[in-house]
Amino acid sequence: MTTVYVTNKTDKPLIIQYEFKELKFPSNETISVSADCARHIFGYGVINKEPHMASLGIIKTTNDIPEGLKILEKFEISQEQPKKNHLLSPMVERVPLPSKKGEGKVLSIN
């Protein structure tokens, strides 16, 4: 079973049934699911996303597809878990400058 990570970038949580279990995709959070689950719900790895958008209730007619794709893109799916709070603190990012010992001296090579 391959695991993928789904991040809901919408402003609303998504709650859906998959394999008789309730799955919650909270807003701005990453959830790990199987690739099969992501394929079934979001059309992960599938070219035609129309049936998946329809089952999620994102589209009702084919005229809604362009707007539906924009909504579906807000569910980011990756094979690697996103890193949270990856920025270093200001104290860790500061690197002391090298000392200026020997500045201005000429080194003879002979």
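For these notes I take a residue as buried when its relative accessible area is under 20%, and as exposed when that area is over 50%. The model I looked at is predicted.

**V33**

I began with V33, which sits in strand β4. Is V33 buried or exposed? Its relative accessible area is 9%, so V33 is buried. I then listed what V33 touches, leaving out residues up to four places away in sequence: T2, T3, V4, V6, F25 and A38. For T3 I also looked up the spacing. V33 and T3 lie 30 residues apart in sequence, yet their C-alpha atoms are 5.6 Å apart.

**The chain as a whole**

Next I noted the secondary structure. I found 4 helices and 5 strands in the chain. Read from the N terminus, the order is β-β-β-β-α-α-α-β-α.

I looked up burial for the whole chain as well: 24% of its 110 residues count as buried. The exposed area of the chain comes to about 9100 Å², and 54% of that is supplied by carbon and sulfur atoms. For contacts between residues at least 6 apart in sequence, I recorded that 46% join residues at least 24 apart.

**Aromatic rings**

How many aromatic pairs does a search of the whole structure find? The search gives 2. I looked up one of them in detail, the pair of F25 and F42. The ring centres of F25 and F42 are 5.4 Å apart and the planes stand at 85° to each other. Planes over 60 degrees apart count as edge-to-face, so this pair of F25 and F42 is edge-to-face.

I then placed the two partners in the chain. F25 belongs to strand β3 (residues 21-25) and F42 to helix α1 (residues 35-42), and the pair links these distant parts of the chain across 17 residues. Both partners went into my burial list. F25 has 1% relative accessibility and so counts as buried. F42 is buried too, because its relative accessible area is 3%. F25 is also among the residues that V33 touches.

Which residues make up the aromatic cluster? I noted F25, F42 and F75 as forming one cluster.

**The largest pocket**

F75 came up again when I checked the largest pocket, since F75 is one of its lining residues. The others I wrote down are T10, D11, K12, P13, L14, L56, I58, I71 and K74. I sorted the lining by type and got 6 nonpolar, 1 polar and 3 charged residues. The space in this pocket is about 180 Å³.

**Positive phi in two loops**

Last, I looked at backbone angles in two loops. E19 lies in the loop between β2 (14-18) and β3. Its phi is near 50°, which is positive although E19 is a residue other than glycine. I checked the accessibility of E19 as well: the relative accessible area is 58%, so E19 is exposed.

N28 is in the loop between β3 and β4 (30-34). Phi of N28 is near 60°, again a positive value in a residue other than glycine. Is N28 buried or exposed? With a relative accessible area of 55%, N28 is exposed.

Definitions and conventions
Residues numbered from 1 in each chain as written. Predicted model: local features only at pLDDT ≥ 70, side-chain atom pairs only at ≥ 80, totals over all residues. Heavy atoms only, no water. 1 Å grid on protein atoms, 1.4 Å probe; cavity = no way out; pocket = protein on both sides within 12 Å on 5 of 7 lines; lining within 4 Å. Points joined across faces, edges and corners; volume = space filled by probe spheres on them. Nonpolar A, V, L, I, M, F, W, Y, C, P; charged D, E, K, R; others polar. Buried < 20%, exposed > 50% of the residue type's maximum accessible area, 1.4 Å probe, protein only. Contact = heavy atoms within 4.5 Å. Areas by Shrake-Rupley, 256 points an atom, 1.4 Å probe, with all protein chains shown as cover. Phe/Tyr/Trp six-rings, centres within 6.5 Å; stacked < 30°, edge-to-face > 60°.
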